[in-house]
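Let's work through this structure by asking how each label is earned. Keep the picture open beside you as you read.

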Amino acid sequence: MAYDDKPLPYSAAPGLSGPEPHHRVVVVGAGPVGLTMALNLARLGIASVVLEDKSAITVGSRAIVWSQRSLQFFARLGIADRIMAQAVPWSIGRISHGDVEIFSMDMAGTDADRFPPFANLQQYHVEDILIERALAEPLIDLRFRNRLTGVDQTGDGVELSVKTPDGSYRLTADYLLACDGARSLTRALLDLDLEDGAFHEERFMVADIEMEADFPAERWFWFDPSFHSGQSAMLMPQADNIYRIDLQLGRDANVAEEVRPDRVIPRIQAVVGPDFDLEWVSVYTFQSRRLAEFVHGRVIFLGDAAHLVPPFSARGANAGLRDVENLGWKLAAVLEGRADEGLLDSYNRERVQAADENLRDSARSADFISPAPGVERLFRDQVLALARKTAFAREWVNAGRLAVPCIYRTGAPDDTLLPAEARPGAVAPEARIGNGWLLDELGTGPMVLAINCAAPEGLPVPALALRADPTLRSRYLGDAERALYLIRPDRVVAARWITAEPRDITAALRAMWEGRE
């Protein structure tokens, strides 16, 4: 069934009746990025105020595909079980040219993976869960119908103006985190613009439909199908018998005409038949752009406020959650005096690298899905024709290369005898530990993993000693018999050794807190 829209709670802010106390962090935007940012800071002991202009959760599923890495992050926030209770897990993608399937891919992991590669759940459900969790968190002051109207930086903080139904007020904070989306008001108030990039002219219709169907939980993508000749189409399942349909419309499509029911419904009927209810429809174009820098003094940008990518590869919301993971522990360390502000420069460096990778990969997907007339279209069609006959050409087919975590560039200590999967800069792989999971055993701070050995004595951080089962051996040891790993609070490998002295680990830990590459 369709989502039952409900109003969000409103109460008068303290600043309307008197001066507000100074805050450590103000987050602007209560979408998935802003809410997870506040929850992530709360688990690190940092209080925040969240400002959100809207009065109800936005209709339409919007973001739906949550990656394994995002599901792991939801687990740390205490909401993964609720997400997975509603979500549709999947691992198989099918690619067709015309009406013929040319190949499929199964991205399923192993028994050592707690979560599936991807799980589909409408953004409004995710926001609902996050809002409920945030309202129950004492360290989060969540204020709906509070619109940011002014930002002034003071050198050691920010002064904000906020408008509400009961009037306007001001508040101050050490940092402002802009999580207010593609049309970021914070960005506009600071007179910042996204760098020149790609403005894609192609138009797409996206629709949510409700229907009873026995379609498998898979991602289906068609190039030039008979039911939508000359264009592309995609179909994916969601919760509540809701399905997402994307249909390419062409560069000259009239948006006002294309959202009319008498245009939309016949198009969808051609894909799934007559038995469905149309819940939501939109026509969109897209951009590939980012801010030149994500850190501007005491104002820090995350998610779509910092970078915009085409929606083909599940890189929008998932990339925003990676911003949250990366920034949270660094900002907490700065606020608590365990690191200086230079650590925040590493957020900018690492997440700009990730944004550039996402922009490049998603733009390549866009160019393949909607090639320009002429040589680009000819090349795309020849690749598809060749992929019907030969396996090697399937590597060239790009129907949206799905998101994978960025491996940050680093000169940290490494031993290349150990597996590339767990090299410094990469996300620490998951593994079973008895009846639990390795990533659950890692705390809110850095930790040393000692695999098939004892950790050196006198380390300034906790250590976890493990005996290597086949999964740990495959993912963390490779051909080595033992290893030491330093894991960052965001579950990124900071450094690793086959053997190390305490001074080696302490030096790597110092480099981590200083944000050195």
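**How the labels are earned**

Q: What makes S3, S7 and S4 a sheet, and in what order do they lie?
A: First, a reminder that this is a predicted model. Its three strands lie in the order S3-S7-S4 and form an open sheet with antiparallel pairing. Strands count as paired when there are at least two bridges between them. S4 and S7 (residues 118–120) have three bridges, in the antiparallel sense, so they pass that test. Within this pair, Val88 stands opposite Asn120 in S7.

Q: Why are S3 and S4 called edge strands?
A: Strand S3 (65–67) and strand S4 (88–90) each pair on one side only. On average, neighbouring strands of this sheet are turned by 30 degrees against each other, with direction ignored.

Q: Which helix packs on this sheet, and which strands does it touch?
A: Helix H2 (residues 68–76) does, touching S3 and S7. The direction of H2 makes about 75 degrees with that of S3.

Q: Why is H2 called oblique to H8?
A: Two packed helices are described by the angle between their axes and the distance between the axes. H2 packs against helix H8 (residues 316–335) at about 45 degrees, and the axes are 10 Å apart. Under 35 degrees would count as roughly parallel, and roughly perpendicular runs from 65 to 115. The angle fits neither class, so H2 is oblique to H8.

Q: Which residues of H2 and H8 meet?
A: From H2 come Arg69, Ser70, Phe73, Phe74 and Arg76, and from H8 come Asn318, Leu321, Arg322, Val324 and Glu325. These contact residues divide into four nonpolar, two polar and four charged. The crossing of H2 and H8 is left-handed.

Q: What makes H1 roughly parallel to H4?
A: The axes of helix H1 (residues 32–43) and helix H4 (residues 123–135) cross at roughly 30 degrees and come within 10 Å. Angles under 35 degrees count as roughly parallel, so H1 and H4 earn that name. Their crossing is left-handed.

Q: Which residues of H1 and H4 meet?
A: Pro32, Leu35, Thr36 and Leu39 in H1 meet Gln123, Glu127, Leu130, Ile131, Arg133 and Ala134 in H4. The contact holds six nonpolar, two polar and two charged residues.

Q: How do you know that S16 pairs with S12 and with S19?
A: The test asks for at least two bridges. Strand S12 (residues 198–210) and strand S16 (residues 277–290) run antiparallel and are joined by 10 bridges. One bridge pairs Glu210 with Asp277 in S16. S16 and strand S19 (residues 307–308) also run antiparallel, joined by two bridges, so this pair passes as well. Here Arg290 has His307 in S19 as its bridge partner.

Q: Is Arg289 in S16 buried or exposed, and how do you know?
A: Arg289 has 10% relative accessibility. Buried means under 20%, so Arg289 counts as buried. Leaving out residues up to four places away in sequence, its contacts include Asp193, Phe199, Leu308 and Leu359.

Q: Why is Asn358 called buried?
A: Asn358 sits in helix H9 (residues 342–369). Its relative accessibility is 10%, under the 20% limit, so Asn358 is buried. Beyond its neighbours within four places in sequence, Asn358 is in contact with Val309, Arg315 and Ala319.

Methods: Residues numbered from 1 in each chain as written. Predicted model: local features only at pLDDT ≥ 70, side-chain atom pairs only at ≥ 80, totals over all residues. Heavy atoms only, no water. Axes fitted to C-alpha atoms, helices over the stretch in contact; angles between N-to-C directions. Helix = DSSP H or I, 4+ residues; strand = E, 2+ residues; numbered from the N terminus. Parallel < 35°, antiparallel > 145°, perpendicular 65-115°, else oblique. Left-handed = near helix turned anticlockwise from the far one by under 90°. Contact = heavy atoms within 4.5 Å. Nonpolar A, V, L, I, M, F, W, Y, C, P; charged D, E, K, R; others polar. Buried < 20%, exposed > 50% of the residue type's maximum accessible area, 1.4 Å probe, protein only.
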